[in-house]
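Trainee: I am new to reading protein models. Could you walk me through this one, feature by feature?

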Amino acid sequence: MEGDMSDILEAIFRRRAIKVFDPVEIPSETREQILNAARVAPSSFNIQPYRLYWVQSPDMLKNAARLCMGQKPAITASALVVAVADIASWKATAQGELAWMRTAGFSREKISQAEERAKWGKWFFLQGWFGVFGALKLLALRVVHLWMITGKPPVARKGMFKWATKSGALACANLMIAAEALGLNTCPMEGFDDLRLSKFLGLSPRKHEIIMVIAVGKKSAQHEDRPQWRRPFDATVKVL
């Protein structure tokens, strides 16, 4: 176990944003391992409010790279992963989890609790016409907060996308570490034409928002490694 942990930590500390890749074919088994590592990342209430689009076919890859501003990591990558916040997937996810629980040996009590959560969960996502219901939820929460400790759940569409992005970012981190551990390299990118890339992938602006695009491939000899600088430990971390 200690050896396995050492390998994982080595992959974390070794990872860099690679700017130039060599053309290599990524085996389907490796692709599945990388994407499965992303899928098991933690998410809020296990709702997994994101989708991952693995783009690898030559034509699709060429067009997607063009919409990533033609950046060198994008045009030389063997694949591009488009991570998308998805605020409309909650219902299918909740139903899928319930179906799994019913066949996985969970007690009737646990299943009933999950069914109850799913039933009330829809109120968490409903926005109403022009976001009116979301505004009412925000007002109610602020009133309740005057008397008791409450969290700050997302209520408006913008907040929902922010909430989904947090879970999606955790999946992206898993994906990049897994790729590194399996001998590949990555480069996360925020430079892309959001509207055109969304249209290219058939995304809905009401349901989806692109979080980032991750180039995946094998580091080229043309890539120049630079010394890595991070803020001093005490400037980032506070132990209380």
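Mentor: Let us go from the whole chain to single residues. Keep in mind that this is a predicted model.

Trainee: Happy to start wide! How many helices and strands are in the chain?

Mentor: The chain has 10 helices and five strands. Of its 240 residues, 35% are buried. About 15,700 Å² of the chain is exposed, and carbon and sulfur atoms supply 60% of that area.

Trainee: What share of the contacts between residues at least 6 apart in sequence join residues at least 24 apart?

Mentor: That share is 78%.

Trainee: Now the strands. Why is strand 5 said to be largely enclosed by the rest of the structure?

Mentor: Here we count buried residues, meaning those under 20% relative accessible area. In strand 5 (residues 208-219), nine of the 12 residues are buried, so the rest of the structure largely encloses this strand.

Trainee: Which strands pair with strand 5, and in what sense?

Mentor: Strand 3 is joined to strand 5 by eight bridges, and the two run antiparallel. Strand 4 (residues 185-189) also runs antiparallel to strand 5, with five bridges between them. Strand 1 (residues 21-22) pairs with strand 5 over two bridges, again in the antiparallel sense.

Trainee: Which residues could I look for to see these pairings?

Mentor: For strand 1, find Asp22, which stands opposite Lys218 in strand 5. Then look at Leu80, whose opposite residue in strand 5 is Ala215. Finally, Asn185 has Gly217 of strand 5 as its bridge partner. As you look, remember a general idea: side chains in a regular strand alternate between the two faces of the sheet.

Trainee: Let me try a single residue. Is Ser89 buried or exposed?

Mentor: Ser89 counts as buried because its relative accessibility is 9%. You will find Ser89 in the loop between strand 3 (79-86) and helix 5 (90-103). Leaving aside residues up to four places away in sequence, Ser89 touches Gln48, Pro49 and Arg51.

Trainee: And the cysteines: how many disulfides does the structure hold?

Mentor: Zero. Cys68 counts as buried because its relative accessibility is 1%, and Cys172 is also buried, at 1%.

Trainee: What about the surface? Which residues form a nonpolar patch there?

Mentor: Leu136, Leu139, Val143, Val144, Leu146, Trp147 and Met148 form that patch, and together they have about 770 Å² of accessible area. Take Val144, which belongs to helix 7 (residues 132-145). With 34% relative accessibility, Val144 counts as partly exposed.

Notes:
Residues are numbered from 1 along each chain as its sequence is written. This is a predicted model: local features need pLDDT of at least 70, side-chain atom pairs count only at pLDDT 80 or more; totals for chains, interfaces and linings use all residues. Side-chain values use heavy atoms; hydrogens and water are left out. Patches are made of residues with over 30% relative accessible area and no salt bridge: like charges are joined within 9 Å, nonpolar side chains (Val, Leu, Ile, Met, Phe, Trp, Tyr) within 5 Å. Accessible areas come from the Shrake-Rupley method with a 1.4 Å probe; for residues, only the protein chains shown count as cover. A salt bridge is a side-chain nitrogen of Lys or Arg within 4 Å of a carboxyl oxygen of Asp or Glu. Helices (H or I, at least four residues) and strands (E, at least two) are DSSP runs, numbered from the N terminus. Buried means under 20% relative accessible area, exposed over 50%, partly exposed in between (1.4 Å probe, protein chains only). A disulfide is a pair of cysteine sulfur atoms within 2.5 Å. Contact means heavy atoms within 4.5 Å. Two strands pair if DSSP finds at least two bridges between them.
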